[in-house]
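Welcome to the tour! Keep your viewer open and your selection tool ready, and we will go from stop to stop together.

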Amino acid sequence: MRPLVADIDLDALRHNYQLACRCAPKSRSVAVIKADAYGHGALACAQALERDAPAFAVACIEEAAAIWRKLSAAPNVTALHLMSHFATADLQDSRYFNQQMARLQGLAKELDAPLCLANSPATLAWPVAHGDWNRPGVMLYGSDPLEVANDITQQLQPVMTLRSEVIAMRELEEGEPVGYSGRWRAPRRSRIAVVACGYGDGYDRHARDGTPVLVNGQRCAIAGKVSMDMLTVDVTDVPDAVIGSEVVLWGRASNGVILPVDEVARYCDTISYTLLTGVLPRAPRRYHGRSV
Ligand SMILES: *Cc1c(COP(=O)(O)O)cnc(C)c1O
């Protein structure tokens with residue numbers, strides 16, 4: 001069996017949800033579990049938050065099909081909320097946010113409707129957007145959506161740890177190439193670890209040389225193009241790296257060291273949302289923590 005798994009820490013999920021609630025004590029927070037809970041498994045995440053979250057949000061009706069029949073059978077579905085979504089709540093520049101907010105406030109006054117506006121960045125950084133309800137999503141999974149971190153986002157805990165192992169070791173002479181098209185060349189005598197994780201598992205093929213990876217809880221760098229089933233890491237400075245050593249692609253290593261998915265995303269020219277939702281079923285989800 002391939003050693004690749006996505007470990008899901010449900011206690012961290014609950015911690016992050018509580019953090020979202022503490023940011024907006026006057027609002028109720030809808031836990032956003034669309035896109036299979038951002039790749040973490042919608043059912044398990046909903047069950048883990050069942051006691052805390054008064055409501056859940058999904059993006060399309062197929063995802064809501066569990067609840068749909070119940071809803072349509074209810075004789076008294078009458079509550080109407082003014083719901084909208086921010087385009088720039090993650091940016092420090094407040095110009096567009098303020099324009100959008102002013103229009104929504106005008107509309108809310110006109111309709112006398114309760115508000116449901118804030119996504120994670122607005123929950124974290126724009127108290128003026130906190131309504132009767134908020135809709136935190138990616139922060140529940142431990143990712144910091146803000147352009148510039150603040151003291152609250154620093155308390156977020158990673159929920160998913162994408163974990164694998166070293167499956168082969170290679171000694172290289174200076175100048176020897178690694179991987180397809182030989183993109184990486186050893187700048188010195190090097191030790192390269194081959195890791196059981198590739199784009200066929202959902203790891204981003206755009207990861208540059210230098211993308212961080214934890215081997216035995218120590219930061220190392222990807223060396224060479226990511227291939228379908230494997231990727232290669234320069235472990236010259238991790239003398240204890242051997243076949244079977246723990247590899248964390250993002251999340252928390254067993255020695256407690258954290259590699260934020262946001263940081264990996266920057267090396268792949270993308271955002272945490274695509275990395276988390278991109279993990280394929282070939283990496284089985286393994287759940288930890290209190291399930292309810
Ligand atoms: C995805 C989504 C959210 C949550 O956004 P995050 O940035 O993940 O917090 C909230 N509202 C709507 C309408 C969404 O589609």
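How far does a polar side-chain atom of Ser-120 lie from an oxygen atom of the ligand? Select Ser-120 and the ligand: the distance is 2.5 Å. Remember as you look around that this is a predicted model.

Next, select Lys-34, where a polar side-chain atom lies 2.7 Å from an oxygen atom of the ligand. Then click on Val-138. Here the partner is a polar backbone atom, and an oxygen atom of the ligand is 2.7 Å from it. Now show the surface of the ligand: on its own it has 390 Å² of accessible area, and the protein covers 83% of that.

Which elements give two or more residues to the shell around the ligand? Colour H2 and helix H6 (120-125) to see them. To fill in the rest of the shell, add other residues around the ligand, including Val-32, Tyr-38, His-85, Asn-119, Arg-135 and Tyr-273. Sorted by class, the shell has six nonpolar, four polar and two charged residues.

For the last stop, select helix H3, residues 42-49. Is this helix largely enclosed or largely open? Six of its eight residues are buried, so H3 is largely enclosed by the rest of the structure. Highlight the buried ones: Ala-42, Ala-44, Cys-45, Ala-46, Ala-48 and Leu-49. To see what they pack against, show helix H1 (10-23), helix H2 (34-38) and the strands S3 (31-32), S4 (56-57) and S17 (285-288). You have met H2 before: this helix also gives residues to the shell around the ligand.

Key
Residues are numbered from 1 along each chain as its sequence is written. This is a predicted model: local features need pLDDT of at least 70, side-chain atom pairs count only at pLDDT 80 or more; totals for chains, interfaces and linings use all residues. Side-chain values use heavy atoms; hydrogens and water are left out. Buried means under 20% relative accessible area, exposed over 50%, partly exposed in between (1.4 Å probe, protein chains only). Helices (H or I, at least four residues) and strands (E, at least two) are DSSP runs, numbered from the N terminus. Contact means heavy atoms within 4.5 Å. A residue is near a molecule or strand if one of its heavy atoms lies within 4 Å of it. A polar contact is a pair of N or O atoms within 3.5 Å; within protein, one must be able to donate a hydrogen and the other to accept it, and residues adjacent in sequence count only if both atoms are side-chain atoms. Accessible areas come from the Shrake-Rupley method with a 1.4 Å probe; for residues, only the protein chains shown count as cover. Ala, Val, Leu, Ile, Met, Phe, Trp, Tyr, Cys and Pro count as nonpolar, Asp, Glu, Lys and Arg as charged, and the others, Gly among them, as polar.
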